[in-house]
Amino acid sequence: MAKYHLYKIGSSLLCAAVFSVLCSCENNEMSELSQVIYPEAVNISVPDEVSALVYKDETGANVLPMLKGEVVGLGHSITPENVTFKEVAWSSSDEAIATVDATGTVKAISGNGGSYSIIQVSPAVFYAGSGIFSTLKVVVSDKMRKAESIVLTSEKTEIYVGEDLQLDFSILPENATYKTVKWTSSDETVATVDSKGLVTAKDITSNQQSVTITGTALDGSNVSGSIVLNVLKTVQPESITIDPSYSKESCVWAITDKQLSLNYSTVPENCTTSLIEWSSSDENIATVENGTVVFNQDGNFGDVTITALCPATGNTSSIVLRLEEGLVRELYHDKNNYTWYDAKQSGSGTSTSHIWSDGKITITTYTAKVDNQRADLKCYSKKTWMHAGKYPIFAVRMDDVRDKYPDKDLSRNITVDGTATCNGITYKGSLEGANKWEYLYKCSDGSSVFVYDLSSQRWSTGGVLPTNAVAEFTALQIKYADIKTLNKQIEYNVYWVQTFKSINDVKEFVKSEGLTINEN
């Protein structure tokens, strides 16, 4: 007799006749002796001699580069191992680039180094539509393009005994045929490296030993790149002392500072610092990892205590940091962390731009009209928090184009513009209007400090900010417009944007820069 079963594999519903051989036992009970077992997965395997050439592309696909005329025999596996039907079908998505026969033998036909064919294996006959398959992307080149240089990179160059470190590499030219390297270690008693560039530090006899890891091209060019790593023996920290220079008794921090690295000393000096356990008393204000403090960007302010613990001895050291509400501070000392720059405006075939250098940015204007230049200074933080009571003075030191280009007899309109909420009220538009700063200081280097008072000057909508709460700005910029009469792009420098507690604090800060000021 025959039994019929329905099987759903992948997205296809398969109907198969499953024959069972039945026999009569002494008690006349019938017993089923056999049943079809269906495949659940199939996988392509690459022979060892070419496995080192396989890499993943930007889509995550496994890629095998091949040269015209090369032949590679692929293998496959099916799970479970005891499937009833083991036959598979091989196919190529583009036989003009690569073919594959019934045994999985792939032949490279032709390609330009970017041409590819998808080789697929799947269960044969009626299982082929089951959605069970495996693929390999074969990229074919008519000729070899050899590597010319290899550069190895790493997040760090020190690794402790027992730790792993992943190395990265880049090969030039980018269209080199082979995109993987052979990894080797100069001393495997110090560190080993696997075929993917994962380094493992071994136990060493001294406190520190160096090892050279090399990645060599697989195209016979002998091109290679190397990196020297220092393997450090694990040494328990006994005590730690955090430098108090950054504590709230010495300075305060702005939310736009984003992060800071604490300075500290340990006993012994050469201990394994990764064993030190760091904690924050309030992670809503700041988090800490390996001595690097990261400030929140959600508008949470106040004191936070950062503590370092030596787990072997229990010794600790702490520092209290103050994240100050209302403090805005952009000093352009970190190329990777600054939030005030040109507003990316364009017109008449021109556009604004900026160049960072330590302590300033240089902004280039765009042609807004035939005889009119413009380049606004915009804050790119999602939010800016200012407090008209605690830090009422808003100031920017930048070039006044009338002074920078005195021979051109220029005019300009400079306006602080923003959108904010405070105590449920919306404040927006310009602060008093164009060229309505409270004070203008001319500095000895030719720059100017434009000073505004948030506690007395009015926004177009909402009026004067209250002095008893933080104002949350979702947009903030300094419009630098109507620079005329001028028919070509010019530049101006911005040195800092800050809030201060008083006018005297502004003057003292300018003096700390080694400048003298003239008041207008």
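## Burial and the tyrosine cluster

Buried means under 20% relative accessible area, exposed means over 50%, and partly exposed lies in between. The model described here is predicted. By the first of these cut-offs, Tyr338 and Tyr341 are both buried.

Aromatic pairs number 17 in total. In the pair of Tyr338 and Tyr341, the ring centres are 5.7 Å apart. The two planes stand at 75 degrees, so this pair is edge-to-face. Ring pairs also draw in other tyrosines: Tyr332, Tyr338, Tyr341 and Tyr380 form a cluster.

## An aromatic pair between strand and helix

Trp496 and Phe509 make another edge-to-face pair, because their planes meet at 90 degrees. Their ring centres lie 5.5 Å apart. Trp496 sits in strand β47 (residues 491–500), and Phe509 sits in helix α3 (residues 503–512). The pair therefore ties together parts that are 13 residues apart in sequence.

How accessible are the two partners? Trp496 has a relative accessible area of 1%, so it is buried. Phe509 reaches 23% and is partly exposed.

## Salt bridges

The whole structure holds 18 salt bridges. Side chains of opposite charge can pair when their charged atoms come close. One such pair is Lys248 with Asp303, at 2.7 Å from N to O. This bridge links distant parts of the chain, 55 residues apart. Lys248 belongs to the loop between β22 (239–242) and β23 (259–261), while Asp303 belongs to strand β28 (residues 302–309). Lys248 is partly exposed at 37% relative accessible area. Asp303 is also partly exposed, at 33%.

Arg412 and Asp400 form another bridge, with their closest N and O atoms 2.8 Å apart. Here the partners are twelve residues apart. Arg412 is in strand β41 (residues 411–422), and Asp400 is in the loop between β40 (393–398) and α2 (401–404). Arg412 is buried, with a relative accessible area of 6%. Asp400 is buried as well, at 0%. Elsewhere, bridges with shared partners join Lys248, Asp303, Arg322 and Glu324 into one network.

Arg374 and Asp376 also meet in a salt bridge, at 2.9 Å from N to O. Which of these two is buried, and which is partly exposed? Asp376 is buried, with 2% relative accessible area. Arg374 is partly exposed, with 22%.

## Cavities

There are two cavities of 30 Å³ or more. The largest has a volume of about 50 Å³. Its lining consists of Tyr55, Pro65, Gly113, Val139, Ser141, Asn175, Ala176, Thr177 and Lys179. By class, these lining residues are four nonpolar, four polar and one charged. Domain 1 (41–141) and domain 2 (149–232) each supply at least three residues to the lining of the largest cavity.

The second largest cavity encloses about 40 Å³. The residues that line it are Ile255, Thr256, Phe301, Gly326, Leu327, Val328, Lys383, Thr384 and Trp385. Five of these lining residues are nonpolar, three are polar and one is charged. Where does the second largest cavity lie? Both domain 3 (239–324) and domain 4 (330–519) give residues to its lining, so it lies between them.

Methods: Residues numbered from 1 in each chain as written. Predicted model: local features only at pLDDT ≥ 70, side-chain atom pairs only at ≥ 80, totals over all residues. Heavy atoms only, no water. Salt bridge = Lys/Arg side-chain N within 4 Å of Asp/Glu carboxyl O. Helix = DSSP H or I, 4+ residues; strand = E, 2+ residues; numbered from the N terminus. Buried < 20%, exposed > 50% of the residue type's maximum accessible area, 1.4 Å probe, protein only. 1 Å grid on protein atoms, 1.4 Å probe; cavity = no way out; pocket = protein on both sides within 12 Å on 5 of 7 lines; lining within 4 Å. Points joined across faces, edges and corners; volume = space filled by probe spheres on them. Nonpolar A, V, L, I, M, F, W, Y, C, P; charged D, E, K, R; others polar. Domains from an automatic or database assignment. Phe/Tyr/Trp six-rings, centres within 6.5 Å; stacked < 30°, edge-to-face > 60°.
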